[in-house]
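Hi there,

Here is the structure I promised to pass on. Have a look at it first, and then read on for what turned up.

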Amino acid sequence: PDRSVRPAQRGDAPAIAQLQYEAWRSLMGESALGAQGITVETLAAQWEETLGAPRPAGSALLVALHGNTIVGFALAGPDEAGAASGDSATSGDSATSGDGAVAATQVYELTVEKNFQRSGHASRLLAAVADLTSGQLRAWVGVDDEERQRFYTSAGFAPSGAVRVLGDGLTQHMWWADRD
């Protein structure tokens, strides 16, 4: 089957919401999502609004297709919090340089449906993000998420030394890669 990546468009919201919900459920658990009122329907409504608005400069919202089925998505944009992370790879950086170029792009979400993982979809999504954005690439990866650590290592990323703790103790490390 055809495997490709394209910009997300109106009508993709339900598929993106389902993928995001499943990823968040595996990360945080069903009860945490329920406690915050997060459902597939609420996410779909937010994605419909996002897809109907102009895209911010320096951002990318892409979907991975397996045939005609959306099986993954990536969301990336300027790393506005990079300077606050405190590591040497980001200290002093700002979201944009003096000439307007983005100093760093954060991969906020990169998710592929479990049944379609290890089919090249995540690599294609990340390559498209790199093609469509500028600056150093960054992603936060869970300290215990060996699968993502292997993926980002294979894509040329390395831990930066920056650490953050979310919510009830979810610890993440910032991974980064310079562009050639």
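**What packs around V129**

Setting aside residues up to four places away in sequence, V129 touches L62, A74, A76, V107 and L137. Please keep in mind as you read that this is a predicted model.

V129 is also one of the residues with the most contacts inside the largest nonpolar core, which has 22 residues. The others named with V129 are V107, L110, L125, L126, Y152 and F157. Several elements give two or more residues to this core: the strands β2 (60–66), β3 (69–78), β4 (104–112), β5 (136–142) and β7 (170–177), together with the helices α4 (121–132) and α5 (146–154). Which element provides the largest share? That is α4, with 5 residues. As a general point, nonpolar side chains in soluble globular proteins tend to be buried together.

There is a second, separate core as well, made of 18 residues. Among them are A17, L19, L33 and V63.

**A74, a contact of V129**

One of the residues that V129 touches, A74, deserves its own paragraph. A74 sits in strand β3. Is A74 buried or exposed? Its relative accessibility is 0%, so A74 counts as buried. Apart from neighbours within four places in sequence, A74 is in contact with A60, L61, L62, E109, L110, L125 and V129. If you want a distance to check on screen, the C-alpha atoms of A74 and A128 are separated by 9.2 Å, although these two residues are 54 residues apart along the chain.

**The aromatic residues**

How many aromatic pairs are there? The count comes to 3. One of them is W47 with F73, an edge-to-face pair at 5.6 Å centre to centre, with 75° between the planes. W47 belongs to helix α3 (residues 40–51) and F73 to strand β3, so this pair ties together parts that are 26 residues apart in sequence. W47 and F73 are both buried.

Another pair is F151 with Y152, also edge-to-face, at 5.1 Å centre to centre and with 70° between the planes. F151 has a relative accessibility of 18%, so F151 counts as buried, given that the cut-off is under 20%. Y152 is buried too, with a relative accessible area of 3%. F151 and Y152 join F157 in one aromatic cluster. Y152 and F157 will be familiar from the core described above, where they are among the residues with the most contacts.

**A polar contact at Q136**

For something other than nonpolar packing, turn to Q136, which lies in strand β5. Q136 is buried, with a relative accessible area of 11%. Which side chain does the side chain of Q136 make a polar contact with? The partner is the side chain of D178, at 3.4 Å.

**The protein as a whole**

Stepping back, the protein has 5 helices and 7 strands. Along the sequence they follow the pattern β-α-α-α-β-β-β-α-β-α-β-β. Of the 180 residues, 38% are buried. Among contacts with a separation of 6 or more, 66% come from residues 24 or more positions apart. The accessible surface comes to about 9500 Å², and carbon and sulfur atoms account for 51% of that surface.

Happy browsing, and best wishes!

Notes: Residues numbered from 1 in each chain as written. Predicted model: local features only at pLDDT ≥ 70, side-chain atom pairs only at ≥ 80, totals over all residues. Heavy atoms only, no water. Helix = DSSP H or I, 4+ residues; strand = E, 2+ residues; numbered from the N terminus. Buried < 20%, exposed > 50% of the residue type's maximum accessible area, 1.4 Å probe, protein only. Contact = heavy atoms within 4.5 Å. Areas by Shrake-Rupley, 256 points an atom, 1.4 Å probe, with all protein chains shown as cover. Core = buried A, V, L, I, M, F, W, Y, C linked by side-chain atoms within 4.5 Å. Phe/Tyr/Trp six-rings, centres within 6.5 Å; stacked < 30°, edge-to-face > 60°. Polar contact = N/O pair within 3.5 Å; in protein donor to acceptor, adjacent residues only side chain to side chain.
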